[in-house]
Amino acid sequence: IEENIKQIETLIPLFNELEIKRKLPSTQGYAAAPDFLYLIKDIIKKNKPKFILEAGSGVSTIIASYSLKKYSDGKILSLDHDKKYLENTKKEIVNHGLIDYSEIIYASLKKYNDGNIWYDIEKIKNVENVDFFIIDGPPIKFSKNIRYLAIPLLLKKMKKGATIILDDSKRI
């Protein structure tokens with residue numbers, strides 16, 4: 001109960017600061033928890049990134065987009081392997097009037113030479129100068145070390161001094 005109260009207490013100031021007037025999708029299940037969402041907002045407010053790359057779309061994409069709208073003129077590019085979830089996030093982005101701040105693309109999961117699974121990065125081969133990398137997917141149900149490849153595959157795409165955050169780090 002205490003953890004739930006803490007999360008609710010985090011959502012209230014987040015909604016107020018970002019002036020969110022519409023209901024957000026659930027922050028249960030695979031979704032990012034309110035304290036992680038608040039961290040995303042704080043990093044965007046402080047660093048004002050121009051380009052955010054996100055592994056796994058959802059509520060975090062919406063919060064990042066609201067934060068970009070308020071604090072930066074940047075954009076977020078989010079990868080998702082689940083077409084249904086991707087479409088739901090796209091609808092939410094439109095419903096919240098955040099289309100100018102985000103792009104969500106389908107990236108299937110791929111098994112790499114070392115045997116690990118991660119998003120197929122072919123669609124983002126031209127991405128560079130990432131200021132902020134949010135790793136919030138794919139879900140662990142596909143592999144125990146599912147988020148391991150995020151850094152080895154994409155480190156060269158990061159701008160010097162980029163911020164990288166990982167949700168659900170205990171899953172690795």
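Leaving aside neighbours within four places in sequence, Ser60 is in contact with Ala32, Leu37, Ile40, Glu54 and Asp136 in this predicted model. Ser60 belongs to helix α3, and its relative accessibility of 1% places the residue in the buried class, because that class comprises values under 20%. Of the residues that Ser60 touches, Leu37 is also one of those through which helix α2 meets helix α1.

The strands are arranged as an open sheet of five, in the order β3-β2-β1-β6-β7, with parallel pairing. The edges of this sheet are occupied by β3 (102-106) and β7 (158-166); each has a single partner strand, so one side of each is left without a neighbour in the sheet. From one strand to the next, the twist averages 20°. Within the sheet, strand β1 (residues 51-55) is joined to strand β2 (residues 75-80) in the parallel sense over five bridges. In this pair, Ala55 is positioned opposite Leu79 of β2. Strand β2 is mostly covered, five of its six residues being buried.

Helices pack on this sheet. Helix α2 (residues 34-47) lies across β1, β6 (130-135) and β7, and runs at about 160° to β7. Helix α3 likewise packs on the sheet, where it touches β1, β2 and β3; the direction of α3 makes about 170° with that of β2. Both angles exceed 145°, so α2 counts as roughly antiparallel to β7 and α3 as roughly antiparallel to β2.

Contacts between helices were examined next. Two packed helices are described by the angle between their axes and the distance between the axes. For helix α3 (residues 59-71) and helix α4 (residues 83-95), the axes come within 9 Å and cross at roughly 30°. That makes α3 roughly parallel to α4, because angles under 35 degrees fall in this class. The crossing of these two helices is right-handed. On the α3 side the contact involves Thr61, Ile62 and Ser65, which meet Thr89, Glu92 and Ile93 of α4. By character, the residues of this contact comprise two nonpolar, three polar and one charged.

A further helix pair is formed by α1 (residues 2-18) and α2, whose axes come within 8 Å and cross at roughly 35°. Here α1 passes α2 in a left-handed crossing. Helix α1 contributes Lys6, Gln7, Thr10, Leu11, Pro13, Leu14, Glu17 and Leu18 to the contact, while α2 contributes Pro34, Asp35, Leu37, Tyr38, Lys41 and Lys45. The residues of the contact between α1 and α2 divide into seven nonpolar, two polar and five charged. Helix α2 thus takes part in the contact with α1 and also lies across strands of the sheet.

A second buried site is provided by Ala150, which lies in helix α5 (residues 150-154). The relative accessible area of Ala150 is 0%, and the residue is therefore buried. When neighbours within four places in sequence are left aside, Ala150 is in contact with Trp118, Phe133 and Ile135. Of these, Phe133 and Ile135 fall within the range of strand β6 (130-135). Ala150 and Ile117 are separated by 33 residues in sequence, and their C-alpha atoms are 9.9 Å apart in space.

Key: Residues are numbered from 1 along each chain as its sequence is written. This is a predicted model: local features need pLDDT of at least 70, side-chain atom pairs count only at pLDDT 80 or more; totals for chains, interfaces and linings use all residues. Side-chain values use heavy atoms; hydrogens and water are left out. Axes are lines fitted to C-alpha atoms, for helices over the stretch in contact, and angles run from 0 to 180 degrees between N-to-C directions. Helices (H or I, at least four residues) and strands (E, at least two) are DSSP runs, numbered from the N terminus. Angles under 35 degrees count as roughly parallel, over 145 as roughly antiparallel, 65 to 115 as roughly perpendicular and the rest as oblique. A crossing is left-handed if the near helix is turned anticlockwise from the far one by less than a right angle, and right-handed if clockwise. Contact means heavy atoms within 4.5 Å. Ala, Val, Leu, Ile, Met, Phe, Trp, Tyr, Cys and Pro count as nonpolar, Asp, Glu, Lys and Arg as charged, and the others, Gly among them, as polar. Two strands pair if DSSP finds at least two bridges between them. Buried means under 20% relative accessible area, exposed over 50%, partly exposed in between (1.4 Å probe, protein chains only).
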